[in-house]
Amino acid sequence: MSLHFNILATVITCVFAASAHSAMRQYSASVDNSKWMVDRTTRLSCTLSHDVPYYGEAIFSASASKNKDLTFNLDMVIRPEDYDFAGLESVPPSWRAGLPARSMGKMALLKKFDGELSNSVAWEMLTELEKGYQPTFYYQDWNNKHDQIAVSLSSVNFKKSYWDFLQCRDNLLPYSFEDIAFVVMNYRKNSSELTKSSRKRLDMIGEYLNNDPDIDSIYISAYSDSYGGKNVNLNLSKKRAMAIKEYMASKGVPADKIMTDGFGEKRHVAINTTPIGREANRRVIIQISKP
């Protein structure tokens, strides 16, 4: 009997000792310091950010593009030391404590990187916050094997900023830098006037340039078909390239960042014996680069 009692006492002691050394370290904004901020300086990107005191920052982002997809970034002051996963749950607020938490999936933790989630989960997190729930990440601490970490996004003061973010996202340009970084446009015959569709593309480029101060350089190369004489075509191609440069300068791009070349009848991309081929050769190529 004494032996069994001693074994039982030892087991209980070990259980209590393990409990005493393990803990759930929780990070979240309080009701008083919960802030959501929207950055909408240009029509190229929008961010909705939330500071998690003593932990880092939660950031929802959308960028100019056709779909304007969302991404979520968990910016950690102390990044992962190994590869793991964090569970993600929608946790009811304290005043609805009787309701169960709901699993929303998991987030990969990559060594020395912040946590990231893609469009569908990011939207789900936003809709849970809109309902007053708290998306919460749970994972094993990589610096203390005895501790678990819980990181919560507070829904306090969320709705107004969320609405501002949605309006910002709606106003983003429906195309990205990749859509305008390399563009081929065509000209009317014996003219420096662009075709109707090419003018629309040029307007699109101009609108993008108005919103992006980080353009590093623009290279404009113009070409002609083989009708009208070599010298005439060479001068016409140079005139076409210069007209594009002047247009971009009018949009605020420094002229010294814009380089032009006119190649006339050189470097044809199609035969000149058909109207379609000649139209393809009457072209200007715009290449835009960023740092």
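Here are some questions and answers on how a few residues in this predicted model get their labels.

Q: Why is Asp 212 called buried?
A: Its relative accessible area is 6%, and buried means under 20%, so the label fits. As for location, Asp 212 sits in the loop between α5 (196-211) and β12 (217-222).

Q: What makes the link between the side chains of Asp 212 and Lys 290 a polar contact?
A: The two side chains are joined at 2.8 Å, and the cut-off for such a pair of N or O atoms is within 3.5 Å, so it counts. Lys 290 also turns up, along with Leu 44, when you list what Asp 212 is in contact with, leaving aside neighbours within four places in sequence.

Q: Why is the pair of Phe 60 and Phe 72 called tilted?
A: Look at the angle: the planes are at 50°. Stacked needs under 30 degrees and edge-to-face needs over 60, so this pair falls into the remaining class, tilted. The ring centres are 4.9 Å apart, and pairing asks for centres within 6.5 Å, so the two rings do pair. Phe 60 lies in strand β4 (residues 56-63) and Phe 72 in strand β5 (residues 70-76), so the pair ties together parts twelve residues apart in sequence.

Q: How do you know whether Phe 60 and Phe 72 are buried or exposed?
A: Phe 60 has a relative accessible area of 0% and Phe 72 has 1%. Buried means under 20%, so both residues are buried. They also belong to a cluster linked by ring pairs, together with Trp 36, Phe 137, Phe 158 and Tyr 162. A search of the whole structure finds nine aromatic pairs.

Q: Why does Val 31 count as exposed?
A: Its relative accessibility is 60%, and exposed means over 50%, so Val 31 makes the cut. You'll find Val 31 in the loop between β1 (23-27) and β2 (36-39). Not counting residues up to four places away in sequence, Val 31 touches Val 156 and Asn 157. Val 31 and Asn 157 are 126 residues apart in sequence, with 8.6 Å from C-alpha to C-alpha.

Q: Why is Leu 110 called partly exposed?
A: At 41% relative accessible area, Leu 110 falls between the under 20% of buried and the over 50% of exposed, so partly exposed is the label. Leu 110 is in the loop between β7 (102-109) and β8 (115-117).

Q: What makes up the nonpolar surface patch that includes Leu 110?
A: Tyr 83, Leu 110 and Phe 113 form it, with about 360 Å² of accessible area together. Patch members need over 30% relative accessible area, so Leu 110 clears that bar with its 41%.

Definitions and conventions
Residues are numbered from 1 along each chain as its sequence is written. This is a predicted model: local features need pLDDT of at least 70, side-chain atom pairs count only at pLDDT 80 or more; totals for chains, interfaces and linings use all residues. Side-chain values use heavy atoms; hydrogens and water are left out. Patches are made of residues with over 30% relative accessible area and no salt bridge: like charges are joined within 9 Å, nonpolar side chains (Val, Leu, Ile, Met, Phe, Trp, Tyr) within 5 Å. Accessible areas come from the Shrake-Rupley method with a 1.4 Å probe; for residues, only the protein chains shown count as cover. A salt bridge is a side-chain nitrogen of Lys or Arg within 4 Å of a carboxyl oxygen of Asp or Glu. Helices (H or I, at least four residues) and strands (E, at least two) are DSSP runs, numbered from the N terminus. Buried means under 20% relative accessible area, exposed over 50%, partly exposed in between (1.4 Å probe, protein chains only). A polar contact is a pair of N or O atoms within 3.5 Å; within protein, one must be able to donate a hydrogen and the other to accept it, and residues adjacent in sequence count only if both atoms are side-chain atoms. Contact means heavy atoms within 4.5 Å. Rings of Phe, Tyr and Trp (its six-membered ring) pair if their centres lie within 6.5 Å; planes under 30 degrees apart count as stacked, over 60 as edge-to-face and the rest as tilted.
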